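Biologist: I've got the sequence and the model open side by side. Can you walk me through the empty spaces, the odd backbone angles and the greasy surface?

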Amino acid sequence: MITVEEAKAMDVARMTDLFKAHMNPGQLHFMKLLGFHKIKVERAEGMHYIDQNGRKILDFFGGFGSLAFGHNHPRLLEARKRFQEEKRHEIAIAFMSQYQAAFTHNLAACSPGDLDMVFLGSSGSEAMEAAVKVAERAAGPRKPKVVYAENSFHGKTKGVLSITDGSLYRGEFRLVENTVRVPFGDIDAIEHAFRSDPAIGTIVLETVQGGGGIITAPTEFWRKLRALCDKYGVLWVADEVQCGYGRTGRFYAFEHHGVVPDVTALAKSLGGGKTAMGAMIARREVFTKAYGTPKTAMIHAPATFGGMGEACVTSIEALNVLYDEGLIDNAASTGAYLLERLQTLQAKYPKIIKEVRGQGLMVGLEFQDFSQTLPMVLRPMVAMLDDKLKGSLSGFVGALLLRDYDVLVAFTEYNRNVIRLEPPLICTAEHVDTFIATLDDLLGRGIVAIVKDFVKSQMG
């Protein structure tokens, strides 16, 4: 057996061997393309990873929004240390837990309207499973159908996979069939679905589509959606797993639009980047319809590890840090500055950058199709390959940002031309300036040089 100290001392070659032997050898192909396979993270602090060579890597990836507080926030470390030193209880299935009680109270206090009934789990998928189940139960057996959107991502577990719109993830699994697919942000399509099918009881939408490429819908859409749901008796589930928890400059992204869903879900940064925590939050009326009697209360009761002691203590402290340090407001102001600086780059490199979009510190940077970056004479020939080359430019840029500038970025599931930027909410204007300067320098090389440099990186 490998010991903890031996694991700590393990080199990259040994890590690679074990990854291939016991985890996911196919994934290693993509890690090699991006240069991720050369990195051994020794520690992490604030906005940075520190690798085996002492190199500081600026984190504009943020674990797909899981690191609102950056790495190893001192208050979270201290809260966890005290919990351990006092030998407090972790699992209290037979008893009520003061830590669960306090955390669910805090979540309800952060939530608008009558979103005040909380179910705790360990992941976004688990939180979304709970959200869809409570809605289906409350909607009743005569309204079992669930509407979801094109390019949606709600998780990879079997239930929410049925409303995750990705052929890659769906594979050839047998999924539930009580679903209806509509274009994201198309209120007319949604109204047509509601009007034509009285069996629809639930609609599930990300407030901001992360995997779709950081896609938003206007306030008018969300207000009309709320009105349509009320008119047709449909429950609205807002997936805020990635866009919630202050990332867009409000605690929930839907708060920008002055509306409140019937059910929502959080995860990612909910555990402060130190523990796995997910939560479903429902209106009391909805929850009571689903599980409000002794006979029905245990249909979807908490799982063994839902709301463990140290996880709840960490999450309690994280919520307090979120507000004490003004991180939601910082996400709004620093996010606006990031968008402004990126839009300046777009104006400077219009043949490379197609669009900049997002809100707060949830930003998508979409590159042009490869053919559009080339001289006019080459475009017709290369355009035929654009679909196959999708994602190549964003991959080249991401790999070179890491290799040459010590900056880490993310990508999106469905639109491969998009780089996803979700830095921690502790991000400052100085961090943005550093990121913009590196990206400007890289794009200034020109497409031909970028491609050549990437090819060289694969040969090294």
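**Cavities, backbone and surface**

Biologist: How many cavities of 30 Å³ or more are there?

Modeller: Keep in mind that this is a predicted model. Rolling a probe the size of a water molecule over the atoms shows where empty space is left. With 30 Å³ as the lower limit, the count is 2 cavities.

Biologist: What is the volume of the largest cavity?

Modeller: Its lining takes in 13 residues, and those closest to its centre are Gly 65, Gln 242, Gly 244, Tyr 245 and Ser 269. By class, the lining has 6 nonpolar, 4 polar and 3 charged residues. The space inside comes to about 50 Å³.

Biologist: And the second largest cavity: how many charged residues are in its lining?

Modeller: That cavity holds about 30 Å³ of space. Around it sit Thr 207, Val 208, Thr 216, Ala 217, Trp 222, Ala 253, His 257 and Gln 359. Sorted by class, they give 4 nonpolar and 4 polar residues, and the number of charged ones is none.

Biologist: On to the backbone. What is the phi of Phe 64?

Modeller: Most residues other than glycine have a negative phi. Phe 64 is in helix 4, residues 62-65, and is not a glycine, yet its phi is positive. The value is about 55°.

Biologist: Is the side of the chain at Phe 64 buried, exposed or partly exposed?

Modeller: Buried would need under 20% relative accessible area, and exposed would need over 50%. Phe 64 has 30%, so the class is partly exposed.

Biologist: Ile 214 caught my eye too. Is Ile 214 buried or exposed?

Modeller: Ile 214 lies in the loop between strand 7 (200-206) and helix 11 (219-232). Here too phi is positive in a residue other than glycine, near 60°. The relative accessibility of Ile 214 is 0%, and the cut-off for this class is under 20%, so Ile 214 is buried.

Biologist: Now the outside. Which residues form a nonpolar patch on the surface?

Modeller: A patch residue needs over 30% relative accessible area, and nonpolar side chains are joined within 5 Å. Together the members of this one have about 320 Å² of accessible area. They are Ile 91, Ile 93 and Phe 305.

Biologist: Take Ile 93 from that patch. Why does Ile 93 count as exposed?

Modeller: Ile 93 is placed in the loop between helix 5 (74-85) and helix 6 (98-110). Exposed means over 50% relative accessible area. Ile 93 counts as exposed because its relative accessibility is 63%.

Key: Residues numbered from 1 in each chain as written. Predicted model: local features only at pLDDT ≥ 70, side-chain atom pairs only at ≥ 80, totals over all residues. Heavy atoms only, no water. Patch = residues over 30% accessible without salt bridge, like charges linked within 9 Å, V, L, I, M, F, W, Y side chains within 5 Å. Areas by Shrake-Rupley, 256 points an atom, 1.4 Å probe, with all protein chains shown as cover. Salt bridge = Lys/Arg side-chain N within 4 Å of Asp/Glu carboxyl O. Helix = DSSP H or I, 4+ residues; strand = E, 2+ residues; numbered from the N terminus. Buried < 20%, exposed > 50% of the residue type's maximum accessible area, 1.4 Å probe, protein only. 1 Å grid on protein atoms, 1.4 Å probe; cavity = no way out; pocket = protein on both sides within 12 Å on 5 of 7 lines; lining within 4 Å. Points joined across faces, edges and corners; volume = space filled by probe spheres on them. Nonpolar A, V, L, I, M, F, W, Y, C, P; charged D, E, K, R; others polar.
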